[in-house]
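Here is a walk through one protein chain, from its overall make-up to a few spots that reward a closer look. Have the viewer open and follow along.

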Amino acid sequence: MDPLQARIADRLAATIHPEVAAFGQALAHEAGAMAVLFYGSNLRTGSLEGVLDFYVLLPGPQQERIWPRVSYHERASSTGETLRAKVATMSLARFAEAAEGSRMDTTIWARFVQPSGLVWARDDAARQAVIDAIGSAAKTAAQLAAALGPAQGEAQDYWRALFRATYKAEFRVEKAGREDSILSVNAAHFEGLFPLALSAAGFAYTEQDGTIEPQLSDGERARIMTWWKWRRRMGKPLNVVRLVKASATFEGAARYAAWKIERHTGVPVEVTDFREKHPLLAAPAVMLDVWRKREK
């Protein structure tokens with residue numbers, strides 16, 4: 001392994017709560033997966049509260065044109081508590097393509113340059129494929145960060161420029177300063193990552209007293225910015241298409257919505273067969289029922 005791959009392998013192997021690992025393994029076996037990644041705030045905190053976030057990566061070519069497929073799952077913990085998870089499913093091959101920036105998608109490399117844990121891999125080959133893909137995500141992100149950031153600055157200046165640009169392109173509603181909170185709560189993850197990923201991507205840089213100066217030629221910068229221009233333009237349309245698809249194909253949407261409503265309102269929602277099969281059609285009646293119960 002090169003230094004970037006070694007670092008990623010070490011981070012992916014970080015200790016994960018046993019209940020999360022068991023959940024991920026169950027998802028893997030159910031789907032016939034190559035690997036399962038765990039990410040999100042629960043990875044950092046170790047909490048089992050809320051909704052756990054997984055990516056399930058399948059063998060073979062990508063079957064769906066609009067990916068990933070999203071589903072909601074519940075599982076009893078060893079102590080009888082209900083664990084909840086939102087699961088994104090796609091092929092490992094497409095995940096790797098998206099991570100290296102060869103697709104119009106921005107979500108994979110922008111998401112997985114941030115911390116994640118490999119909770120399950122079918123074998124060493126699958127584990128290495130995931131390491132390679134996460135390495136590609138870091139290199140893709142670092143190149144764009146270098147082009148978007150200042151001529152010279154601290155590593156955080158480049159990551160900050162990257163996340164501001166990708167949030168804006170992805171049709172995501174984030175509070176101002178969201179990029180700062182990502183960098184601060186994941187400081188150990190990002191420490192030293194920018195120059196390492198930049199070097200692995202084949203770009204030289206100088207560094208002195210924490211100030212980094214990427215050595216991008218005018219031609220290299222122009223190439224990267226042209227690459228980004230098309231992805232920035234397609235970011236919002238792609239995300240809208242995915243939201244529309246998810247609204248119709250989100251497996252377990254009714255159970256997920258019922259849990260969210262009860263958590264935020266305190267009103268339990270019965271998940272009937274009709275509501276499970278037709279969550280959008282059932283939504284108005286559900287909200288009216290919740291409103292009436294809260295008014296009592």
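The notes below start with the whole fold, then go to a buried helix, the salt bridges and the surface patches.

## The big picture

First things first: this is a predicted model. The protein has 296 residues, and buried residues make up 46% of them. Its secondary structure adds up to 14 helices and 7 strands.

How much of the contact map is long-range? Taking contacts with a separation of 6 or more, 69% are between residues 24 or more positions apart. On the outside, the accessible surface is about 15200 Å², and carbon and sulfur atoms account for 52% of that.

## Helix α10 and what covers it

Helix α10 runs over residues 193-200, and L193, F194, P195, A197 and L198 are buried in it. Which elements cover those buried residues? The cover includes helices α1 (3-12), α6 (124-148), α7 (155-169) and α9, along with strands β6 (205-208) and β7 (211-214). Just past the helix, G202 takes a positive phi of about 95°.

L193, which belongs to α10, is a good residue to click on. Its relative accessible area is 4%, so L193 counts as buried. Leaving out residues up to four places away in sequence, L193 touches L4, R7, V113 and W159. Its C-alpha atom is also 9.7 Å from that of K139, a residue 54 positions away along the chain.

## H189, over in α9

Helix α9 covers residues 187-190, and H189 sits in it. Is H189 buried or exposed? With a relative accessible area of 14%, H189 is buried, because the cut-off for buried is under 20%. Setting aside neighbours within four places in sequence, H189 is in contact with R7, R11, V113, Q114 and P115. R7 and V113 are on this list, and L193 touches R7 and V113 too.

## Salt bridges

Side chains of opposite charge can pair when their charged atoms come close. Here the count comes to 8 salt bridges. Two of them involve helix α7. In one, R160 pairs with D157, with the closest N and O atoms 3.2 Å apart. The two are 3 residues apart in α7, so about one helical turn separates them. R160 is buried, at 17% relative accessible area, whereas D157 is partly exposed at 29%.

In the other, R164 pairs with E179, and the closest N and O atoms are 2.8 Å apart. R164 is in α7 and E179 is in α8 (residues 178-185), so this pair ties together parts that are 15 residues apart in sequence. Again the partners are not equally covered: R164 is partly exposed with a relative accessible area of 48%, while E179 is buried at 7%.

Elsewhere, E64 forms a salt bridge with R69, the closest N and O atoms being 3.2 Å apart. Both ends are partly exposed here, with E64 at 23% relative accessible area and R69 at 26%. There's a small network to find as well: salt bridges link R94, E97 and R103.

## Patches on the surface

Now for the outside. Which residues make up the positive surface patch? They are K168, R232, R233 and K236. Helix α11 (residues 218-249) supplies the largest share of this patch, 3 residues. K236 is in α11, and its relative accessible area of 35% makes K236 partly exposed.

There's a nonpolar patch too, formed by M104, W230 and M234, which together have about 280 Å² of accessible area. M104 comes from the loop between α4 (92-99) and α5 (107-112). Like K236, which is partly exposed at 35%, M104 is partly exposed with a relative accessible area of 35%.

Conventions: Residues numbered from 1 in each chain as written. Predicted model: local features only at pLDDT ≥ 70, side-chain atom pairs only at ≥ 80, totals over all residues. Heavy atoms only, no water. Patch = residues over 30% accessible without salt bridge, like charges linked within 9 Å, V, L, I, M, F, W, Y side chains within 5 Å. Areas by Shrake-Rupley, 256 points an atom, 1.4 Å probe, with all protein chains shown as cover. Salt bridge = Lys/Arg side-chain N within 4 Å of Asp/Glu carboxyl O. Lys, Arg positive; Asp, Glu negative; His and termini not counted. Charge placed at Lys NZ, Arg CZ, Asp CG, Glu CD. Helix = DSSP H or I, 4+ residues; strand = E, 2+ residues; numbered from the N terminus. Buried < 20%, exposed > 50% of the residue type's maximum accessible area, 1.4 Å probe, protein only. Contact = heavy atoms within 4.5 Å.
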